[in-house]
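Good morning, and thank you for making time for this presentation. Please take a moment to look at the sequence and the structure before I begin.

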Amino acid sequence: MQDVQEVLNNHFIMERLADLHTHTTASDGCLTPTEVVEAAKRAELAAVAITDHDTVGGIDEALAAGRKFDIEVIPGVEISTIYQDRVEVHILGYFIDHTSPTLIERLDVLKNARYDRAMQMVEKLNAAGVMIDFGRVQELAGGGAIGRPHVARAIVEAGAARSMDSAFGKFLKEGGAGYVPRYKISPMEAMEAISEAGGVSCCAHVAKLKRDELLVELINRGLRAIEASHPDHSRAGRKFYKRFAKSRGLIATGGSDAHGFAHNMRPGVGDVTVDYDVVRQLRQASRFGDSSRIKCLEE
Ligand SMILES: [Zn+2]
Ligand SMILES: [Zn+2]
């Protein structure tokens, strides 16, 4: 007869978990790709997906760290899109070929637009009397995808706001003195880019969308997964979207959306997880797992 400890150990080993939504310094996260992978290892995860905003710049470093720390790293991305000029939709891509020239080209367009936007924000803030320097904003972005958090940090440094949250609230939210709308692609264009890179498209934090008809349209256009578990989803919301996924034959994913900010009680790597089986399903649905899909994509 197995003793109790052995049964417990086996149970523990069987419970393999994955965090499928994390950000690094390649976009607006505070941890380097290596640090995110280390954090995932500390959280005893079996796998972690790197899903930076509009960039695959952190993937190579994360993959190397994955090999070093013996943890599976799933190459991913989170593309910001806009639906019908109104609704912001984030499309996650999993098991992408992050070296795909088509994907890189599309992300470069977004990156250049981010750069232009940050520059315009600085100009508007300067005109409003908030004297921050674009060079400093670039420095704060550390060569990664430049965005509002870096402008917010520069505002705090300049003494015009006490915290990043207050910088956002005072200047950077829609209608604020430094607000500039973003250039975005449509969810369908993002799904196309992910598909061309062999990946699986997933609609991020679906409960925040509050538009199930939009979800249905995305599904009709090839969406394969939805993010049912997210820190901003209520328990009831997670349950609802897990059931929704099941009824539509979609993969229900989940992750912490960790940015590594050490304030405002933001989630850390491993705070929201899914069973490792979800990783298997995603791999199977990607070009790496499903040979019939390659054919379908080529036709
Ligand atoms: Zn998002
Ligand atoms: Zn995110």
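Phe 240 is partly exposed, because its relative accessibility is 38%, which falls between the 20% limit for buried and the 50% limit for exposed. Please bear in mind that this is a predicted model.

What is the relative accessible area of Tyr 241? The value is 7%, and Tyr 241 is therefore buried. The model contains four aromatic pairs. Phe 240 and Tyr 241 form an edge-to-face pair, with 4.8 Å from centre to centre and 85° between the planes. The pair is called edge-to-face because the angle between planes is over 60 degrees. Ring pairs also bring in Phe 244, so that Phe 240, Tyr 241 and Phe 244 are linked into a cluster.

Another ring deserves mention here. The charged end of Arg 16 is placed over the ring of Tyr 276, at 4.4 Å from the centre of that ring.

I now turn to the metal sites, beginning with ligand 1. Which residues coordinate this zinc ion? They are Glu 78 through OE, His 90 through ND1 and His 205 through NE2, at 2.1 to 2.2 Å. Along the sequence, the spacing of these donor residues is E-x11-H-x114-H. Glu 78 belongs to strand 3, residues 72-83, whereas His 205 lies in the loop between strand 5 (200-203) and helix 9 (212-220), so this pair ties together parts that are 127 residues apart in sequence. Glu 78 is buried, with a relative accessible area of 0%. His 205 also counts as buried, at 9% relative accessibility.

The zinc ion that is ligand 2 has as its protein donors His 21 (NE2), His 23 (NE2), Glu 78 (OE) and Asp 257 (OD), at 2.1 to 2.2 Å. Why is the arrangement around this zinc ion, ligand 2, described as irregular? The four donor atoms subtend angles of 81 to 169°, and a tetrahedral arrangement would need all angles to lie between 85 and 135 degrees.

In sequence, the donor residues of ligand 2, a zinc ion, follow the spacing H-x1-H-x54-E-x178-D. Two of them, His 23 and Asp 257, link distant parts of the chain, 234 residues apart. His 23 lies in the loop between strand 1 (17-19) and helix 2 (33-42), and Asp 257 in the loop between strand 7 (251-254) and strand 8 (274-275). His 23 is buried at 1% relative accessible area, and Asp 257 counts as buried at 13%.

Finally, the two sites are joined: Glu 78 bridges the zinc ion (ligand 2) and the zinc ion (ligand 1), which lie 3.5 Å apart.

Terms used:
Residues are numbered from 1 along each chain as its sequence is written. Chains are lettered from A and ligands numbered from 1 in the order in which they are written. This is a predicted model: local features need pLDDT of at least 70, side-chain atom pairs count only at pLDDT 80 or more; totals for chains, interfaces and linings use all residues. Side-chain values use heavy atoms; hydrogens and water are left out. Donors are N, O and S atoms within 2.8 Å of the metal (3.2 Å for Na, K and Ca); water is not among the atoms, so sites may look incomplete. Helices (H or I, at least four residues) and strands (E, at least two) are DSSP runs, numbered from the N terminus. Buried means under 20% relative accessible area, exposed over 50%, partly exposed in between (1.4 Å probe, protein chains only). Rings of Phe, Tyr and Trp (its six-membered ring) pair if their centres lie within 6.5 Å; planes under 30 degrees apart count as stacked, over 60 as edge-to-face and the rest as tilted. A charge sits over a ring if NZ of Lys or CZ of Arg is within 6 Å of the ring centre and within 35 degrees of the ring normal. Four donors count as tetrahedral if all angles lie between 85 and 135 degrees; four count as square planar and six as octahedral if opposite donors are over 155 degrees apart and all others between 65 and 115; anything else is irregular.
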